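Take a look at the chain below before reading on. The paragraphs that follow go from one unusual backbone position to the overall fold, then to the interior, and back to single residues.

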Amino acid sequence: MKLTFLGTGGVTAAPLPGCDCRACQRAQLNSGYARAPCSALIEFGRERILLDAGLPLLASRFPPGTLTRILLTHYHMDHVQGLFALRWGVGAPIPVWGPPDPRGCDDLYKHPGLLDFRPALTPFVAHAFGELQVTPLPLQHSKLTHGYLFDWHGTRLAWLCDTCGLPPDTADFLRGQPLDQLVIDCNDPPRAEPRNHNDVTQALAIAEMLQPRQTWLTHLSHEMDNWLAENPLPDGVLAARDGQTLLCGAHWPVTV
C-alpha cells in the first residue's frame with residue numbers, strides 16, 4: 001500500500017495571502033514549502049482511495065474514473081471543496097463515506113452528481129475495502145469528525161485530523177492497537193488554550209501516549225512552520241510535506 005500526502009496544511013497554511021512572515025515568504029519563493037489543504041491518496045492494487053477532498057483543483061487532478069472511492073473526515077469546506085466541481089463530471093458514480101452529518105456541506109447531498117454518498121461507517125468497527133481494513137474513530141472538532149485506523153495486512157496507520165485532543169473512547173481504543181504510523185493534527189505552536197485543533201504540545205502528548213513507530217504532523221499552519229524553523233522535534237516525529245509518500249509494506253516507514 002502507498003499513502004501520498006496530497007496536502008499537509010490547514011486554512012492558515014503557508015503561503016497565507018498578504019502575510020510576509022518567514023514561512024509565507026519562503027513558500028512564495030519555493031513551492032516545495034507550500035502546503036495545500038490536508039488530504040491524502042491511498043493506493044493498492046487497483047484501488048485509489050482519496051482521503052478528504054479539499055484540493056481546489058481536485059477534478060483536474062483526478063478525472064472521473066480515476067478514483068475508486070472517497071473517505072471524508074468531516075464536512076468543513078477545506079476538506080470537501082474539491083467535490084463541488086468533481087461531482088459534475090461524466091462517468092461512473094464514486095462511492096463516498098463520511099461521518100453521519102445530516103447537514104453535510106452546502107448542497108452536496110441535494111445535488112451529488114457523480115458522488116454516491118453511502119451510509120456512515122460504524123465507529124470502532126473495521127470495514128473491508130478490498131484488502132484494507134478501515135475503522136472510523138470519533139474525534140473532537142467543531143463539526144462531527146472521524147479519523148481512521150487503516151490496517152494493511154497487520155501494519156497499522158492512524159489518521160487523526162481534524163481534532164483537539166482525543167475523545168476518551170478513541171484514546172482507549174487506540175491504546176490497544178500497536179501503531180506503525182500516526183498522522184496527527186498539529187495546526188499550532190504551543191498555545192495557552194488550544195481550540196478546535198491540536199497545538200504541538202497536544203500532538204506530541206498524543207504521540208507519547210500511543211507510542212507509534214513513527215509520527216507525522218499534518219494540518220500545519222504558517223505559524224507552526226515558523227515554530228518548526230526554530231525548534232527541533234523529538235526522535236520519531238516528523239512534519240509531513242506535500243507530495244511525500246509512505247510505502248506501506250512489511251517494514252515501515254519507507255518514504256520517497
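In which loop is Phe124 found? The model is predicted, and in it Phe124 sits in the loop between strand 6 (115-117) and strand 7 (127-129). The backbone there deserves a look, since the phi of Phe124 is near 65°, a positive value in a residue other than glycine. Most residues other than glycine have a negative phi. With a relative accessibility of 28%, Phe124 counts as partly exposed, because buried would require a value under 20% and exposed a value over 50%.

His219 offers a second case of this kind. Its phi is positive, about 55°, although His219 is not a glycine. It is placed in the loop between strand 12 (214-218) and helix 7. Is His219 buried or exposed? The relative accessibility of His219 is 2%, so it counts as buried.

Now consider the fold as a whole. The protein has seven helices and 15 strands. Its C-alpha trace spans about 50 × 45 × 35 Å along the principal axes. For 256 residues, a compact globule would have a radius of gyration near 18 Å, and the 17 Å of the protein agrees with that. Of the 256 residues, 54% are buried. Contacts also reach along the chain: among those between residues at least 6 apart in sequence, 60% join residues at least 24 apart.

The surface can be described in similar terms. The protein exposes about 11,100 Å², and carbon and sulfur atoms supply 53% of this area. There are 19 positive and 25 negative charges, and the mean positions of the two sets are 6 Å apart.

What lies inside? In soluble globular proteins, nonpolar side chains tend to be buried together. Here the largest nonpolar core has 26 residues, of which Leu3, Phe5, Ile42, Leu71, Leu132, Phe150 and Trp159 touch the most other members. The elements that give two or more residues to this core are strand 1 (2-7), strand 2 (39-44), strand 3 (47-51), strand 8 (132-138), strand 9 (146-152) and strand 10 (155-160). A second, separate core has 23 residues, including Leu137, Leu160, Ile184 and Leu228.

Leu3 shows what such a position looks like from one side chain's neighbourhood. Leaving out residues up to four places away in sequence, Leu3 touches Ala40, Leu41, Ile42, Leu157, Trp159, Gln244, Thr245, Leu246 and Cys248.

Not every buried residue is nonpolar. Asp225 lies in helix 7 (residues 222-228), and it is buried because its relative accessible area is 3%, which is under the 20% cut-off. Which residues does Asp225 touch, not counting those up to four places away in sequence? They are Ala14, Ala23, Arg26 and Arg35.

Ala14 leads to another backbone feature. Most peptide bonds are trans. The bond from Ala14 to Pro15, however, is cis, with omega near 0°. Pro15 lies in the loop between strand 1 and helix 1 (22-29). A further cis peptide bond runs from Cys161 to Asp162, with omega near 5°. Asp162 is in the loop between strand 10 and helix 5 (168-175).

Technical notes:
Residues numbered from 1 in each chain as written. Predicted model: local features only at pLDDT ≥ 70, side-chain atom pairs only at ≥ 80, totals over all residues. Heavy atoms only, no water. Helix = DSSP H or I, 4+ residues; strand = E, 2+ residues; numbered from the N terminus. Rg over C-alpha atoms; globule rule 2.2 N^0.38 Å. Buried < 20%, exposed > 50% of the residue type's maximum accessible area, 1.4 Å probe, protein only. Contact = heavy atoms within 4.5 Å. Areas by Shrake-Rupley, 256 points an atom, 1.4 Å probe, with all protein chains shown as cover. Lys, Arg positive; Asp, Glu negative; His and termini not counted. Charge placed at Lys NZ, Arg CZ, Asp CG, Glu CD. Core = buried A, V, L, I, M, F, W, Y, C linked by side-chain atoms within 4.5 Å.
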